[in-house]
Amino acid sequence: MNKPSASMQHQDHSDARELLPLSPRNLVSGLDPLGRPLPSTGVPLSGERPKKMAADYRTLWKTAIHQQILLLRMEKENQRLEASRDELHIRKMKLNYQEVGQCSKDAQALWERKLTAPGRTTVLQDKEEVYHAVCQGIPKSRRGEVWLLLSHQYRLHHRLPQRQHCPDTPYQDLLKQLTAQQHAILVDLGRTFPTHQYFSAQLGAGQLSLYNLLKAYSLLDTEVGYCQGISFVAGVLLLHMSEEQAFDMLKFLMYDLGIRRQYRPDMVSLQVQMYQLSRLLHDYHRELYNHFEEHEICPSLYAAPWFLTLFASQFPLGFVSRIFDFVFAQGTEVIFKVALCLLSSHEGEIVECDGFESIVDYLKTTLPNLTQTQMEQTIAKVMEMDISKQLHTYEVEYHVLQDEMIEAGPLPDDSDRLDKLEKTNTQLKKQNMDLLEKLQAARQKIQTLETSVENFLSRESKMKHTIRSLEQERAAHQKTIERMRSCLPPDALTDVEMTQIKTGPNGKAKTAAKKP
């Protein structure tokens with residue numbers, strides 16, 4: 001019994017390996033939990049187990065602690081894997097849109113080299129080479145990183161004056177503050193990409209991130225605060241990067257590229273852009289321009305949302321992301337290119353619309369529903385187009401015209417017209433007040449008549465009810481009379497009839513007519 005067999009020793013070894021020794025345990029086989037022989041403590045007496053020394057217990061405890069540490073590390077690794085899996089699911093949900101154009105393997109390898117190159121944020125790269133890479137395509141999974149790289153390159157090529165720099169307040173500090181634009185931001189959360197899975201959940205992860213981003217920017221840029229349209233721009237950024245990266249890119253678009261000017265309360269920049277687009281149509285697509293002028297359709301009716309949201313509010317997300325690629329590479333000139341290409345490619349259908357409402361409806365509902373081929377053709381035209389000189393000329397032209405109008409003032413002939421118009425306006429206001437008084441009196445009279453009609457209807461209803469009750473009572477009396485007649489003998493019935501004849505129908509005795 002003191003010397004166990006080989007099979008028993010093997011069983012003890014396997015048990016010792018499988019057991020997690022969270023507390024010391026005496027093993028008959030003389031092996032530690034890892035199957036190694038324990039140090040000898042002397043010659044064991046016959047029939048007695050060997051006594052454990054302090055070193056043996058210390059070894060067992062070290063093994064138990066080591067295994068417990070391994071278990072904790074495994075739990076942390078499992079938690080990290082779960083978090084990574086959730087992050088991967090959210091990332092897949094964000095990028096759930098159809099790409100416009102295919103990014104070749106050569107283009108993917110090119111961007112991989114650029115994104116991993118040392119000093120990519122501090123070393124200038126060739127602008128033509130970067131633009132050519134953007135034209136080849138950007139992998140959807142790396143689009144956010146490419147936008148960050150393009151913004152760094154733009155800042156290296158263009159140094160903003162100190163007065164145009166945005167305030168350098170950390171993002172986390174802005175989140176701790178309160179904004180006066182909170183109600184407007186909350187109202188627009190549900191209107192921003194309502195069909196996209198990431199933003200559709202009410203107060204879900206997407207809407208909370210969007211709220212944080214818009215709140216932080218409204219506190220950073222107090223002149224602009226929050227304006228409708230910024231939420232779509234911020235939403236596109238959030239789909240491709242984290243909150244803090246999206247905040248940095250929003251500042252880049254607003255301050256470095258100057259988009260914030262179109263969100264100012266006076267919106268002078270937006271008026272200049274609408275004038276520039278109108279002039280482009282006049283110079284390049286005269287028939288379409290004349291058609292718009294004939295039906296009094298100005299660019300602000302259909303193109304203002306395109307500029308304020310960078311096409312994100314109406315067009316497919318894959319198409320919008322491709323537009324953002326070129327905006328980060330070339331600036332706001334791309335918005336004019338896309339608008340002009342869209343209008344020119346649908347010129348025939350727009351000219352066929354023969355009314356104001358049909359034209360506006362086509363521009364707002366039909367035109368944004370682009371096919372995959374139409375989107376790819378539009379992007380291809382944008383790559384080939386260059387209108388930077390024309391845009392600069394039109395902007396100068398707009399400001400010159402504004403200055404001339406201010407300096408000229410009203411013409412002498414116009415002063416008489418203004419006086420006449422003012423007198424006519426005064427007369428019309430007086431007539432308007434008189435008509436309002438008559439209208440109010442007529443409304444009061446109508447209200448009185450309506451009340452009288454209601455009273456008459458109520459009385460009529462009551463009288464009808466009374467008549468129905470009397471008719472029911474008369475019918476009951478007639479039935480009673482019939483029953484009583486049936487109970488009388490024939491002689492008595494004859495006397496009753498003679499009495500009725502003598503008394504008449506009213507119960508009064510008839511008087512004989514006097515003979516002359």
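# Helices, rings and buried residues

Q: Is the crossing of H5 and H15 left-handed or right-handed?
A: In this predicted model, H5 passes H15 in a left-handed crossing. That name is used because the near helix is turned anticlockwise from the far one by less than a right angle.

Q: What makes H5 "roughly parallel" to H15?
A: Look at the angle. The axes of H5 (residues 143-157) and H15 (residues 317-330) cross at roughly 20 degrees. Angles under 35 degrees count as roughly parallel, so H5 gets that label relative to H15.

Q: How do you know that H5 and H15 meet, and which residues do it?
A: Their axes come within 9 Å. On the H5 side you'll find Arg-143, Trp-147 and Leu-150, and these meet Ser-321, Arg-322, Phe-324, Asp-325, Phe-328 and Ala-329 in H15. Contact here means heavy atoms within 4.5 Å.

Q: Why are H9 and H11 called oblique to each other?
A: The axes of H9 (residues 205-220) and H11 (residues 243-256) cross at roughly 45 degrees. Roughly parallel needs an angle under 35 degrees, and roughly perpendicular runs from 65 to 115. The H9 and H11 angle fits neither range, so the pair is oblique. As for the hand, the crossing of H9 and H11 is right-handed.

Q: Which residues bring H9 and H11 together?
A: From H9 come Ser-209, Asn-212, Leu-213, Ala-216, Tyr-217 and Leu-220. Their partners in H11 include Glu-243, Ala-246, Phe-247 and Leu-250. The two axes come within 10 Å.

Q: How does H11 pack on H15?
A: H11 and H15 pack at an angle of about 60 degrees, with axes 11 Å apart. H11 passes H15 in a left-handed crossing. Met-249, Phe-252 and Leu-253 in H11 meet Phe-324, Val-327 and Phe-328 in H15.

Q: Why is the ring pair of Phe-315 and Phe-319 called tilted?
A: The structure holds 18 aromatic pairs. In this one, the ring centres of Phe-315 and Phe-319 are 5.9 Å apart and the planes sit at 45 degrees. Centres within 6.5 Å make a pair, stacked means planes under 30 degrees apart, and edge-to-face means over 60. The angle for Phe-315 and Phe-319 falls in between, so the pair is tilted. Both residues are buried, too.

Q: What makes Phe-315 and Phe-319 part of a cluster?
A: Ring pairs link them with Phe-292, Tyr-302, Trp-306 and Phe-311.

Q: What is special about the phi of Phe-311?
A: Phi of Phe-311 is positive, about 70 degrees, although Phe-311 is not a glycine. Most residues other than glycine have a negative phi. Phe-311 sits in the loop between H14 (304-309) and H15.

Q: Is Phe-311 buried or exposed, and how do you know?
A: Its relative accessible area is 1%. Buried means under 20%, so Phe-311 is buried.

Q: Why is Met-267 called partly exposed?
A: Met-267 has a relative accessible area of 27%. Buried needs under 20% and exposed needs over 50%, so Met-267 lands in between as partly exposed. Met-267 is found in the loop between H11 and H12 (268-284). Its phi is near 55 degrees, a positive value in a residue other than glycine.

Q: What makes Ile-379 buried?
A: Ile-379 has a relative accessible area of 4%, and the cut-off for buried is under 20%. Ile-379 belongs to H19 (residues 372-384). Leaving aside neighbours within four places in sequence, Ile-379 is in contact with Val-100, Phe-319, Arg-322 and Phe-326.

Q: How far is Ile-379 from Cys-135 in sequence and in space?
A: They are 244 residues apart in sequence, yet 9.0 Å apart in space, C-alpha to C-alpha.

Q: How do you know that Lys-337 is buried?
A: Again, set the value against the cut-off: Lys-337 has a relative accessible area of 1%, and under 20% counts as buried. Lys-337 is in H16 (residues 333-345). Beyond its neighbours within four places in sequence, Lys-337 is in contact with Gln-330, Val-382, Met-385, Asp-386 and Ile-387.

Q: What makes Lys-140 sit over a ring?
A: Lys-140 lies over the face of Tyr-97, at 4.9 Å from the ring centre. The distance limit is 6 Å.

Q: How many helices and strands does the protein chain have?
A: The count is 22 helices and zero strands. Of the 516 residues in the protein chain, 34% count as buried.

Note on methods. Residues are numbered from 1 along each chain as its sequence is written. This is a predicted model: local features need pLDDT of at least 70, side-chain atom pairs count only at pLDDT 80 or more; totals for chains, interfaces and linings use all residues. Side-chain values use heavy atoms; hydrogens and water are left out. Rings of Phe, Tyr and Trp (its six-membered ring) pair if their centres lie within 6.5 Å; planes under 30 degrees apart count as stacked, over 60 as edge-to-face and the rest as tilted. Buried means under 20% relative accessible area, exposed over 50%, partly exposed in between (1.4 Å probe, protein chains only). A charge sits over a ring if NZ of Lys or CZ of Arg is within 6 Å of the ring centre and within 35 degrees of the ring normal. Axes are lines fitted to C-alpha atoms, for helices over the stretch in contact, and angles run from 0 to 180 degrees between N-to-C directions. Helices (H or I, at least four residues) and strands (E, at least two) are DSSP runs, numbered from the N terminus. Angles under 35 degrees count as roughly parallel, over 145 as roughly antiparallel, 65 to 115 as roughly perpendicular and the rest as oblique.
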